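Before reading on, please take a moment to look over the sequence and the fold together. The paragraphs below lead from one pair of strands outward to the rest of the structure.

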Amino acid sequence: MIRIGPAGYPDGHRSPADSVRKVRAAGLSALEIQFVRNVRYDPSKAEHARREAAESDVLLSVHAPYYVNLNSSSQETRDKSEEWVLRAMRGAEAFGAWIVVVHAATYGEDARGCTARVTGSLKRVRKIAEREALKAVIGLETMGKKAAWGTVPEILDAMGEVPGILPVVDFAHLQARRPPLDERALQALLGSLDVPRLHCHLSGIEYTAAGEKKHLRLGQGLDHLMVLDALADSGLEATVICESTSPLEDAQIMERYLDQGI
Ligand SMILES: [Zn+2]
């Protein structure tokens, strides 16, 4: 089953639980909670949203803060980054979200040691998460800028080192980093992933030689119908979070395409 939903609460929502209701009313079945600038929530409202999501079968995910850099040259920044991931995982626990999406690192001056630093940090984070009984898996996102750690092979390496980690495939980022993302490349990628549920981000993209520039409406810079077809053909259980500039409307466009082919 492919679940589709928006990144962020829909416009005009009155609470997190109301957001879940609006997503369901729009015919969608997933929602990504954006902790991208701060992990802030009211625990009782989170609990309401958790119950609403379970009742209406909306699968929740969480996006961790953008400030995370597990390969910073500063020990203080690395420590803070691990804490941001943990705080996002605690938030995920409160909302019953199953995965926490993380932009793990930039290469900085130590590109070669980057994967080792990332996995070292993730092992520490997982240890604390286990102690606190936090159930969310950590989703490492494929990144669009060439200076950012997070190619598919790098993420698969990290998955081999640390349990409780899954890839998050951002198709716009893949397209920005290594165009063109054609049918064959998609098929090869999706066929190589052995995961219980593939969490994905999809939007349009504007990119330059340095990689990602900005996200756009669906259909701009990336053939989203080709991506949806490839996902459907792969037979994978998947969630597609729409990160375009109109996330709810564009998520509905995707849902309609998968459901009715229009
Ligand atoms: Zn992201």
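How many bridges join strand β5 to strand β6, and in which sense do the two strands run? In this predicted model, β5, which covers residues 137–141, is joined to β6, which covers residues 165–170, by four bridges, and the two strands run parallel. Along this pairing Leu140 stands opposite Pro167 of β6, and Ile138 stands opposite Ile165 of the β6 strand. To get from β5 to β6 the chain passes through helix α5, residues 152–161, and the β-α-β crossover made in this way is right-handed.

Strand β6 can be followed further, first by asking how its residues are surrounded. Six of the six residues of β6 are buried, so this strand is largely enclosed by the rest of the structure. The cover extends to both faces, with Ile165, Pro167 and Val169 buried on one side and Leu166, Val168 and Asp170 buried on the other. Besides its pairing with β5, strand β6 is joined by three bridges to strand β7, residues 198–202, and this pair also runs parallel; here Val168 of β6 stands opposite His199 of β7.

These pairings belong to a wider arrangement. Eight strands form an open sheet with parallel pairing, and their order across the sheet is β1-β10-β7-β6-β5-β4-β3-β2. The edges are β1, residues 2–6, and β2, each of which pairs on one side only. From one strand to the next the twist averages 25°. Helix α9, residues 247–260, packs on this sheet, where it touches β1 and β10, and its direction makes about 160° with that of β1.

Moving from β7 toward the β1 edge, the next strand to consider is β10. Five bridges join β7 to β10, and the two run parallel, with Cys200 having Val240 of β10 as its bridge partner. On its other side β10 pairs with β1, again in the parallel sense and over five bridges, and in this pairing Arg3 stands opposite Thr239 of β10. Strand β10 is mostly covered, as five of its five residues are buried: Ala238, Val240 and Cys242 lie on one side of the strand and Thr239 and Ile241 on the other.

Toward the β2 edge, strand β3 takes up residues 59–63, and five of its five residues are buried. Leu59, Ser61 and His63 point one way from β3, while Leu60 and Val62 point the other way. Five bridges join β3 to β2, residues 30–34, and these strands run parallel, with Glu32 standing opposite Ser61 of β3. The chain travels from β2 to β3 by way of helix α2, residues 43–56, in a right-handed β-α-β crossover. With strand β4, residues 99–102, β3 pairs in the parallel sense over two bridges, and the partner of His63 in β4 is Val101. Another right-handed β-α-β unit is made by β3, helix α3, residues 75–95, and β4.

Two residues in loops deserve a separate look for their backbone angles. Most residues other than glycine have a negative phi. Asp57, however, has a phi near 55°, a positive value, and is found in the loop between α2 and β3. With 10 other C-beta atoms within 10 Å, Asp57 is exposed, because a residue counts as exposed when 12 or fewer such atoms lie within that distance. Ala133 likewise has a positive phi, near 55°, and is found in the loop between α4, residues 114–131, and β5. This residue has 7 C-beta neighbours inside 10 Å and so counts as exposed.

A last feature is a contact between helices. Two packed helices are described by the angle between their axes and the distance between the axes. For helix α7, residues 183–192, and helix α8, residues 224–234, the axes come within 10 Å and cross at roughly 40°, and the crossing is right-handed. From α7 the contact is made by Glu183, Leu186, Gln187, Leu190 and Gly191, and from α8 by Met226, Val227, Ala230, Leu231 and Ser234. Sorted by character, the residues of this contact divide into six nonpolar, three polar and one charged.

Note on methods:
Residues are numbered from 1 along each chain as its sequence is written. This is a predicted model: local features need pLDDT of at least 70, side-chain atom pairs count only at pLDDT 80 or more; totals for chains, interfaces and linings use all residues. A residue is buried if 20 or more other C-beta atoms lie within 10 Å of its own, exposed if 12 or fewer, and partly exposed in between; C-beta atoms are placed from the backbone. Two strands pair if DSSP finds at least two bridges between them. A crossover is right-handed if, with the strands pointing away from the viewer, the path from the first strand over the helix to the second runs clockwise. Axes are lines fitted to C-alpha atoms, for helices over the stretch in contact, and angles run from 0 to 180 degrees between N-to-C directions. A crossing is left-handed if the near helix is turned anticlockwise from the far one by less than a right angle, and right-handed if clockwise. Two residues are in contact if their C-beta atoms, placed from the backbone, lie within 7 Å. Ala, Val, Leu, Ile, Met, Phe, Trp, Tyr, Cys and Pro count as nonpolar, Asp, Glu, Lys and Arg as charged, and the others, Gly among them, as polar.
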